[in-house]
Amino acid sequence: MSWYKNTNNLISVCLCVVTCILAFNYWSVSQQSVVLEARVRVCNQKELDFNGVASECKKRISELHDKISILNSDKEVIATQKNSLTELAASREDMIKKVKAELKEETSAKERLEGQLAAQADLQEKLTTSENVNSQLQSRISELESQLEAHNANAVQPDSSAESASSAEDTLSNDAEESMFTEPHVQGA
């Protein structure tokens, strides 16, 4: 019985030790469970925060995509406007070149007209000079004819009248020669 008593005591001690170990393990697991629950709560909170940040990021990404699409459409509009402005500038440059060419033609036409006007004025002056010379010659012819008639009316001596007639003809031919050299040469325009 002593063996039985010793075994009972041993079993009691073993049961006490096992109970202590189980109690310690329970307490330890319970502490770890509390810590793990706190960590799970923190992780859940972080997950919620991350989900919120992720949704904000998605929203921001979608806004950025919208802005990029708007900017791309603006870029296309700007490219179209640039092309139209380039075409407009090219057409304006062509117009400027045409206007410059027309201005050059007008300037050359004006210079030609001014040259023609100067030639016409020169011709007019030559015509006036020719008319003056012609009228002088006409008056000189009239004067010589009147002298010749007067001389013929007084014709007393045949030799002297022939001399005066030949001197009148010489004067007339000399005047005609002088007028040829002083009369300007008129050419057609």
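## Salt bridges

In this predicted model, the count of salt bridges comes to 3. Side chains of opposite charge can pair when their charged atoms come close. One of the salt bridges joins Arg-140 to Glu-143, with the closest N and O atoms 2.9 Å apart; another joins the side chains of Arg-60 and Glu-63, with an N to O distance of 3.6 Å. Lys-126 and Asp-122 form a further salt bridge, and here the closest N and O atoms are 3.6 Å apart.

## Spacing along helix 1

Arg-60 and Glu-63 lie in helix 1 and, because they are 3 residues apart, about one helical turn separates them. Lys-126 and Asp-122 are 4 residues apart in helix 1, so that their separation is likewise about one helical turn. Arg-140 and Glu-143 also both belong to helix 1, where a spacing of 3 residues places them about one turn of the helix apart.

## Accessibility of the paired residues

Arg-60 has a relative accessibility of 44% and therefore counts as partly exposed, and its partner Glu-63, at 36%, counts as partly exposed as well. For the pair formed by Lys-126 and Asp-122, the relative accessibility of Lys-126 is 23%, which makes this residue partly exposed, while Asp-122 is assigned to the partly exposed class at 35%.

Arg-140 has a relative accessible area of 24% and is partly exposed; Glu-143, with a relative accessibility of 37%, is also counted as partly exposed.

## Nonpolar surface patch

Val-13, Val-17 and Ile-21 make a nonpolar surface patch of about 250 Å². Of these residues, Val-13 is located in helix 1, which comprises residues 2-153. Val-13 counts as partly exposed because its relative accessibility is 48%, and this value satisfies the requirement that patch residues have over 30% relative accessible area.

## Cysteines

A disulfide is a covalent bond between the sulfur atoms of two cysteines. The structure holds 0 disulfides. Cys-14 is accordingly in no disulfide, and the cysteine sulfur nearest to that of Cys-14 belongs to Cys-16, at a distance of 9.5 Å. Because a disulfide requires a pair of cysteine sulfur atoms within 2.5 Å, the 9.5 Å between Cys-14 and Cys-16 does not meet the cut-off.

With a relative accessible area of 42%, Cys-14 is partly exposed. Cys-43 has a relative accessibility of 49% and is therefore also counted as partly exposed.

Definitions and conventions
Residues numbered from 1 in each chain as written. Predicted model: local features only at pLDDT ≥ 70, side-chain atom pairs only at ≥ 80, totals over all residues. Heavy atoms only, no water. Patch = residues over 30% accessible without salt bridge, like charges linked within 9 Å, V, L, I, M, F, W, Y side chains within 5 Å. Areas by Shrake-Rupley, 256 points an atom, 1.4 Å probe, with all protein chains shown as cover. Salt bridge = Lys/Arg side-chain N within 4 Å of Asp/Glu carboxyl O. Helix = DSSP H or I, 4+ residues; strand = E, 2+ residues; numbered from the N terminus. Buried < 20%, exposed > 50% of the residue type's maximum accessible area, 1.4 Å probe, protein only.
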